Amino acid sequence: MAAPSLLNWRRVSSFTGPVPRARHGHRAVAIRELMIIFGGGNEGIADELHVYNTATNQWFLPAVRGDIPPGCAAHGFVCDGTRILVFGGMVEYGRYSNELYELQASRWLWKKVKPHPPPSGLPPCPRLGHSFSLYGNKCYLFGGLANESEDSNNNVPRYLNDFYELELQHGSGVVGWSIPVTKGVVPSPRESHTAVIYCKKDSGSPKMYVFGGMCGARLDDLWQLDLETMSWSKPETKGTVPLPRSLHTASVIGNKMYIFGGWVPHKGENTETSPHDCEWRCTSSFSYLNLDTTEWTTLVPDSQEDKKNSRPRPRAGHCAVAIGTRLYFWSGRDGYKKALNSQVCCKDLWYLDTEKPPAPSQVQLIKATTNSFHVKWDEVSTVEGYLLQLSTDLPYQAASSDSSAAPNMQGVRMDPHRQGSNNIVPNSINDTINSTKTEQPATKETSMKNKPDFKALTDSNAILYPSLASNASNHNSHVVDMLRKNEGPHTSANVGVLSSCLDVRTVIPETSVSSTVSSTQTMVTQQTIKTESSSTNGAVVKDETSLTTFSTKSEVDETYALPATKISRVETHATATPFSKETPSNPVATVKAGERQWCDVGIFKNNTALVSQFYLLPKGKQSISKVGNADVPDYSLLKKQDLVPGTGYRFRVAAINGCGIGPFSKISEFKTCIPGFPGAPSAVRISKNVEGIHLSWEPPTSPSGNILEYSAYLAIRTAQIQDNPSQLVFMRIYCGLKTSCIVTAGQLANAHIDYTSRPAIVFRISAKNEKGYGPATQVRWLQGNNKKAPLN
């Protein structure tokens with residue numbers, strides 16, 4: 001972790017959407033890049049559910065339905081996948097709740113649930129300020145504050161230290177409460193404490209850590225509960241223990257529990273001699289406990305003077321959410337100051353990166369030309385930019401111009417003789433193409449930027465959430481100067497709502513698709529095509545990747561809806577058989593003899609780049625400037641080098657956040673196109689007919705002469721694939737001048753179903769001109785989630 005002086009707090013500005021009113025006593029959880037906030041109070045108790053999209057810097061109010069709970073404050077709030085549970089809290093002054101509600105965030109559907117009472121004993125009494133922690137399929141409830149008086153107007157506080165276990169049902173619903181029998185000394189009663197659960201990666205049982213709280217006076221004790229043995233203990237700690245506090249937050253990232261804010265004793269007060277009489281104040285102190293070594297580290301001490309607008313001001317009753325390795329803090333009350341009858345609450349949103357970002361996925365190729373690459377990589381959450389580098393010292397050989405083989409497709413056997421019919425299944429293995437799939441980290445099926453991807457988390461077919469347009473086309477504008485603004489995640493101006501999202505989603509294609517362009521607020525029908533067809537001569541592209549690009553209008557979130565014809569669902573992208581291997585890489589600070597020379601392409605705001613040049617850094621000169629805490633060259637002082645045709649380049653990418661530049665990705669290798677070869681066919685479509693399926697495509701956008709023929713291939717089942725699923729074997733099913741063919745039911749019976757992602761049948765289509773075959777367009781025809789035969 002960075003030293004305290006190097007903490008790079010960022011205040012988020014320029015929100016879009018309805019910003020919730022300031023409050024305290026609210027709670028927040030994270031679902032992927034979304035921060036979901038409920039409850040809290042100031043000028044009355046809030047009952048709205050607010051969502052902040054950290055990727056798009058957008059607030060929105062989802063249209064919730066069902067058994068909507070009343071507003072509450074100081075309640076329990078946990079997240080299990082896309083299910084959120086709310087327990088207890090204050091519903092009005094002096095009146096507390098012990099009711100349990102469940103929110104299915106994939107549908108924004110509330111439901112009141114009634115767990116069975118414990119086999120022996122009473123269910124939890126109404127309370128506020130308790131801790132409610134989730135691990136596995138159980139929630140753990142500890143402590144809180146109850147009203148001893150039956151009259152809500154006569155508030156008689158009773159501090160609790162009871163402990164309950166709530167068993168959850170899978171997906172939705174709960175089983176019931178139980179009262180575990182614990183060993184050891186139970187922590188003293190308290191409320192407004194924190195509790196987190198942590199389990200070491202390699203060994204050990206899950207443990208719950210309870211810190212601080214209020215019981216007439218603030219506490220600074222740390223307790224540990226082993227959830228396997230149900231044994232309480234007070235672990236011995238090293239370092240400086242944070243001051244006694246309540247209404248603080250505790251968040252776990254990695255093996256650290258981060259403690260921020262809360263009420264603490266005023267400077268100079270001795271809480272040991274007069275804990276009930278001392279003066280209390282809010283704090284902005286920040287510490288963490290290493291949960292493996294139980295050592296405290298102070299990052300921002302209570303004594304440190306606040307610098308104007310450099311970090312969050314003191315607060316209590318705020319919320320904190322960990323998204324990736326970034327901590328977000330929102331609102332909370334500011335000391336004892338009052339405005340009329342309410343507390344003065346902060347209305348600011350801050351974040352802090354706690355460690356460098358992880359390595360992105362390998363660079364993937366969207367499109368190659370003779371002197372440029374359009375590349376992408378998977379987004380890394382909560383980063384401020386990406387450093388893209390290339391290396392040019394690759395031993396490539398010129399591609400073959402033999403008309404019987406596709407160029408840049410090593411290890412590929414093409415049928416040397418032309419088939420006269422498109423419905424003949426060859427009997428010989430010589431009629432197949434052997435292709436090795438490149439190993440890459442798993443990627444999202446759809447990487448539509450700025451959209452919460454609930455689909456991977458739920459089977460629900462009714463999803464309601466905002467969808468923002470990507471800025472992927474403005475490649476070269478997203479460079480160093482944009483990252484220096486430090487205004488938080490970038491914002492898109494236009495908002496659309498994507499409703500009733502079924503089992504497929506539309507991707508804006510690089511090339512044109514003859515379909516209807518609908519408005520930004522669109523209902524996507526079941527019959528949609530997921531397509532990406534582009535020339536990738538010499539590309540190392542993972543078969544699973546559905547590459548997302550936005551071709552022209554980045555400010556418009558265009559959704560393509562197909563006509564009412566019966567079109568099957570497909571995913572396509574252009575590919576060529578990999579001709580290179582992947583090797584892991586590490587950042588290099590200096591280049592030694594025999595080491596690879598890496599050159600910067602630049603720093604990009606988004607996860608796409610159009611690469612036509614790279615920068616040359618003079619030997620012995622570093623020309624360093626700052627991006628956050630990262631040292632990068634001042635590109636305005638450097639010379640540029642153009643890419644050249646028919647040349648191989650290696651790429652790697654690293655993410656940047658407030659802690660600096662993270663590790664680089666694995667290396668990908670691409671080759672600029674050789675002039676004269678055709679591009680890949682585009683706009684592939686699949687539709688069913690009585691004979692089987694009808695496969696059609698558009699000619700390459702860059703034919704480089706007359707197209708002599710097309711070849712279509714089908715991935716087939718072989719023993720080789722069963723032994724090694726990453727080894728695809730393709731059989732040619734068509735060769736001719738037409739831009740369509742029929743794939744018969746007999747041919748489809750031999751198809752290999754690729755289950756590496758969503759089940760699909762894989763096709764490849766390539767074009768040939770006078771120079772030979774160009775790269776192939778790969779199509780994945782989605783088959784649903786069951787192992788039925790094609791066409792069923």
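In the predicted model, glutamine 224 lies in strand β17, which covers residues 218-226. The relative accessibility of glutamine 224 is 14%, and because the limit for a buried residue is under 20%, glutamine 224 counts as buried. Its side chain makes a polar contact of 3.3 Å with the side chain of tyrosine 209. Leaving aside residues up to four places away in sequence, glutamine 224 touches Lys207, Met208 and Tyr209, together with Ser231, Trp232, Ser233 and Pro235.

A second region concerns strand β31, formed by residues 373-376. Strand β30 (residues 364-368) pairs with β31 in the antiparallel sense over 4 bridges. These two strands, β30 and β31, make a hairpin, with 4 residues between them. Within this pairing, alanine 368 has phenylalanine 373 of β31 as its bridge partner. Strand β31 is also joined to strand β41 (residues 608-611) by 4 bridges, and these two strands run antiparallel. Here phenylalanine 373 stands opposite valine 611 in β41. In a regular strand, side chains alternate between the two faces of the sheet. Both faces of β31 are covered: Phe373 and Val375 are buried on one side, and His374 and Lys376 are buried on the other.

A further group of strands forms an open sheet of 3 strands in the order β49-β50-β53, with antiparallel pairing. Strands β49 and β53 stand at the edges; each has a single partner strand, so one side of each is left without a neighbour in the sheet. On average, neighbouring strands of this sheet are turned by 20° against each other, direction ignored. The antiparallel strands β49 and β50 are joined by 5 bridges. Isoleucine 686 stands opposite leucine 695 in β50.

Leucine 695 also belongs to the largest nonpolar core, which has 25 residues. Leu695, Trp697, Val743, Ile761 and Phe763 are the members that touch the most other members of this core. At least two core residues come from each of β49 (682-688), β50 (692-698), β51 (709-715), β52 (727-736), β53 (740-744), β55 (760-769) and β56 (772-782). Another core, of 24 residues, lies apart from the largest one, and Val363, Phe614, Leu643 and Phe651 are among its members. In soluble globular proteins, nonpolar side chains tend to be buried together.

Conventions: Residues numbered from 1 in each chain as written. Predicted model: local features only at pLDDT ≥ 70, side-chain atom pairs only at ≥ 80, totals over all residues. Heavy atoms only, no water. Core = buried A, V, L, I, M, F, W, Y, C linked by side-chain atoms within 4.5 Å. Buried < 20%, exposed > 50% of the residue type's maximum accessible area, 1.4 Å probe, protein only. Polar contact = N/O pair within 3.5 Å; in protein donor to acceptor, adjacent residues only side chain to side chain. Contact = heavy atoms within 4.5 Å. Pairing = 2+ DSSP bridges. Axes fitted to C-alpha atoms, helices over the stretch in contact; angles between N-to-C directions.
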